[in-house]
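Subject: Structure handover and notes on its aromatic rings

Dear colleague,

I am passing on the structure below, together with some notes on the rings in it. Please open it beside this message and look up each residue as you read.

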Amino acid sequence: KPAAILLDASGNATITAAQINDGSSDNCGIKSIVISKSAFNCANLGPNSVTLTVTDTSDNVSMAVTTVTVLDCIAPVKPTLPTITGTCLSPVVLTAPTTTDNCSAVVTGTTTGPTTFTAAGTYTVTWRFTDSSGNSVTANQTVVVPNLTFDGFYVNSLISCLGGSCSAPVRTQVCGGTIPVKFRVKCGNSFITTGSPSVVIEKSNSSCTSLTPSGTGSFTRSGNDWVFNWNTSGLARATYKLTTTLQDGTKKIVWVKLNRTGDDRDDD
């Protein structure tokens, strides 16, 4: 009679003659019942022809062929996937993880979700591992993209601001000269000291309803500080908008009012 057997976790299975013998008998007695194949492995998945041979006490022999179907119903090993932590300035690109299986040496995971992450946040990626018999298991992987944190601006060593607005700008009394505009950025707990932050300067009218280009520049690193030495010589008394583009492409704004006490030039 036909039979079906399951491979174990090592990819092996055995069968006995009794499992495929369907009531063999003899008028004088049976001496032996043997089968042509009793051990199976992953190479035998599917139907296999097995011969049952029955010998009686007078050495008369009868044989019959049946089908032994070998099945693999064991899923791949569920892996423990590491948390992937990226940086603030480059995307996290996942490589498909692998695991082992009783019949497949390596099973590669697949996912229906994204494998590239650029925005700050914590993500869960579900990987599915499927073997050649269609058995599958899933495992989750955590992806952390740190947030780029902006620490500043601060103008001079005495006046601090966090961007402000046109209606409440930082006020700096100057009669020309250089104002060091500074900030710091962190990725997680580490200062970012690479890249080339830039700044665009625009002069605003008194009601902040229009902006006029006033200059551009770039920040240079001084320790953990990024510094732009803003030369205000010759600039009119007005409110200026400084837009800084950080290393990750985000923009930060600070408004600075230049008050030229004792300066008789027009605001224009």
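In this predicted model, the charged end of lysine 186 is placed over the ring of phenylalanine 191, at 4.8 Å from the ring's centre. Another such arrangement involves lysine 37, whose charged end sits over the ring of phenylalanine 40, 5.2 Å from its centre.

Turning to contacts between rings, the structure contains five aromatic pairs. One of them joins phenylalanine 183 and phenylalanine 219, and because their ring planes meet at 70°, with the centres 4.8 Å apart, this pair is edge-to-face. The two partners come from distant parts of the chain, 36 residues apart, since phenylalanine 183 belongs to strand β17 (residues 178-187), while phenylalanine 219 is found in the loop between β20 (211-218) and β21 (220-222). Phenylalanine 183 counts as buried because its relative accessibility is 0%, and phenylalanine 219, with a relative accessibility of 4%, counts as buried too.

A further aromatic pair is formed by tryptophan 230 and tyrosine 240, which are also edge-to-face, with 5.6 Å from centre to centre and 75° between the planes. Tryptophan 230 lies in strand β22 (residues 225-231) and tyrosine 240 in strand β23 (residues 238-245), so this pair ties together parts that are 10 residues apart in sequence. Both tryptophan 230 and tyrosine 240 are buried.

Finally, when you view the rings together, please look for the cluster in which ring pairs link Phe150, Phe183, Phe219 and Phe228.

With best wishes

Notes. Residues numbered from 1 in each chain as written. Predicted model: local features only at pLDDT ≥ 70, side-chain atom pairs only at ≥ 80, totals over all residues. Heavy atoms only, no water. Phe/Tyr/Trp six-rings, centres within 6.5 Å; stacked < 30°, edge-to-face > 60°. Helix = DSSP H or I, 4+ residues; strand = E, 2+ residues; numbered from the N terminus. Buried < 20%, exposed > 50% of the residue type's maximum accessible area, 1.4 Å probe, protein only. Lys NZ or Arg CZ within 6 Å of the ring centre and 35° of its normal.
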